[in-house]
Amino acid sequence: MRSLWTLLYIGIALILCQIKAKAAMEQSHSTSVAGMVKLVLLEAKLIENLSSYADELEKKLNILKRVVPLLQEKSNKAMSQMEQYVSNPINAFSLIRRLHKDWNKWKLFMEEPLGSSQVAYVNAHESQLPSQTDLDETCQGLHRLYDVYNLTVKDIARGLINGKQYDTSLGALDTYAMGKYLDQNRIQDLAMEWFAETGKLLMEHTLPIPMGGERQQVLQLFARAFIKQKHYTIALPLLDHALMKGNKTNNSDLLNERAQIEELVGTAPKLRPSIRYTTDYARGCRGQFVQQTNLICKYKFRPSPFLRLAPLKMEVLVVKPFIVAFHDVLSPHEIGELQQLAMPLLKRTTVYDSNAGLHGSVKGTRTSKGIWLSRSHNNLTKRIGRRISDMTGFHLEGSTSLQVMNYGLSGHYALHTDYFNTAELIAPESPTGDRIATVLFYLSDVEQGGDTVFPRIEQAFKPERGKALLWYNLHRNGTGDKRTEHGACPVL
């Protein structure tokens, strides 16, 4: 899997509406592949630190020597192809959960008289670890993939994403975290599906030390957690498995507990498939729109004299509203330079909150990281500005800056319009007018997902590195064209 990079340019000629977000405490790791690459490096450093701690603790050496290679195997897999690794939603989810949950447990495990320097190392990097908000956003992102692409819990847990089998899967702690998140958000039917998957994985695999311990104790611990949540049908097989792993005749307490739960099974809510609703947005993301054909492909020689020497490859995609694609409009070198320029400066992207009248609002409707670049920033941005002018025929004075964006786990942008309808507002958002048009450049290819969908006209367009989409947001009378409502599908 590869991450989706885009370059967005909206509001040609008539708008200056720069979003200025307040500095946030949250790092929003999962919203950008570029950001999660740092977590791969951080996990590698933490594993290296843990390995040095193992050398100091002879009593715990056998335990650590058994675990560190397992952790290093995952880390080495990620390090060998970092961007591709974190672009996979299964890997990204496990990475966030491991760093948020597991490393705090490793910290406790290491807090002994020996190994104080290694504990200090973890403490020094604690601020870089994912927060509870990061984990919640990651759970929300995985749930978004399930919902938009009509996936199943079993397939996600096994690494089968949208018909493609990946060389990765979720563990019992991962699926339990998903179930807990959904249960807390009152999506109980689906939470039970994730908990049921947790039960299966617990019986198939042993949890890593120190999260595990004796197999029988782990199974009992999870069984009692499910009993507390009244998921008796999930708890009962775990108790049976715990009895099988232990000694039935000498475990009268566990046998009595099992007998009580067996009586309660009939009162437990039955596991049933969660209700699925399909929106036009989801249909577009699933590739269910019929694409328009037999339109126009041509070279664009006007209005710039330069285009007579180097015409642009233009394809008319939709006539009403007018949407065109320009192919190979950015070179691989230009794309690489833009990405390198943006990488260290990426911040969580924000949206305009019309209800609160605020710019720079962080919302779940837009999950990505980005940076605004002035067209005069350097020679590259100046050149891109001239190319946009060639593509559109517009002068760019008074329009927005360029915005480079990178999407992470299930990165998406919910349905929205790029115009404000300032012609109908008493106090328009911009003193210079509304957003006439949008130019969207794709800076990368992706294996699955990431389409730009227009549900009102039932059209969807796939990302293609170096391609740009251009559409007009307004009617000739200056009012917004509702047909241009669009969204970015979650990246798989």
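**Close-up 1. Tyr472 is a partly exposed residue that shares in two aromatic pairs.** In this predicted model, Tyr472 has a relative accessibility of 27%, so it counts as partly exposed. Tyr472 and Phe322 form a stacked pair, with 5.9 Å from centre to centre and 20° between the planes. This pair brings together distant parts of the chain: Phe322 lies in the loop between strand S5 (312-318) and strand S6 (323-327), while Tyr472 belongs to strand S16 (residues 468-472), 150 residues apart. Phe322 is partly exposed as well, with a relative accessible area of 31%.

**Close-up 2. Phe394 meets Tyr472 edge-to-face.** A pair of aromatic rings is described by the distance of the centres and the angle of the planes. Here the planes of Phe394 and Tyr472 stand at 90° and the ring centres are 6.3 Å apart, so the pair is edge-to-face. Phe394 sits in the loop between helix H15 (379-392) and strand S11 (402-406), and 78 residues separate it from Tyr472 in strand S16. With 23% relative accessibility, Phe394 counts as partly exposed.

**Close-up 3. Four aromatic residues gather in one cluster.** Look for Tyr176, Phe195, Phe222 and Phe226, which together make up this aromatic cluster. In total, the structure holds eleven aromatic pairs.

**Close-up 4. Four strands build an open antiparallel sheet.** Follow the strands across in the order S12-S17-S14-S15. Strand S12 (413-416) and strand S15 (459-461) are at the edges; each has a single partner strand, so one side of each is left without a neighbour in the sheet. From one strand to the next, the twist averages 15°. Strands of a sheet pair through backbone hydrogen bonds, either parallel or antiparallel. For a closer look, find strand S14 (residues 452-454), which pairs with S15 in the antiparallel sense over three bridges. Phe454 stands opposite Gln459 in S15.

**Close-up 5. Helix H2 has buried residues covered by other helices.** Helix H2 (residues 61-80) contains 20 residues and reaches 27 Å from its first C-alpha to its last, close to the 28 Å expected at 1.5 Å a residue. Its buried residues are Leu64, Val67, Val68, Leu71, Ser75 and Ala78. An α-helix has 3.6 residues a turn, so residues three or four places apart point the same way. What covers the buried residues of H2 includes helix H1 (33-56), helix H3 (82-87) and helix H4 (89-110).

How values were computed
Residues are numbered from 1 along each chain as its sequence is written. This is a predicted model: local features need pLDDT of at least 70, side-chain atom pairs count only at pLDDT 80 or more; totals for chains, interfaces and linings use all residues. Side-chain values use heavy atoms; hydrogens and water are left out. Two strands pair if DSSP finds at least two bridges between them. Helices (H or I, at least four residues) and strands (E, at least two) are DSSP runs, numbered from the N terminus. Axes are lines fitted to C-alpha atoms, for helices over the stretch in contact, and angles run from 0 to 180 degrees between N-to-C directions. Rings of Phe, Tyr and Trp (its six-membered ring) pair if their centres lie within 6.5 Å; planes under 30 degrees apart count as stacked, over 60 as edge-to-face and the rest as tilted. Buried means under 20% relative accessible area, exposed over 50%, partly exposed in between (1.4 Å probe, protein chains only). The expected span of a helix is 1.5 Å times one less than its number of residues. Contact means heavy atoms within 4.5 Å.
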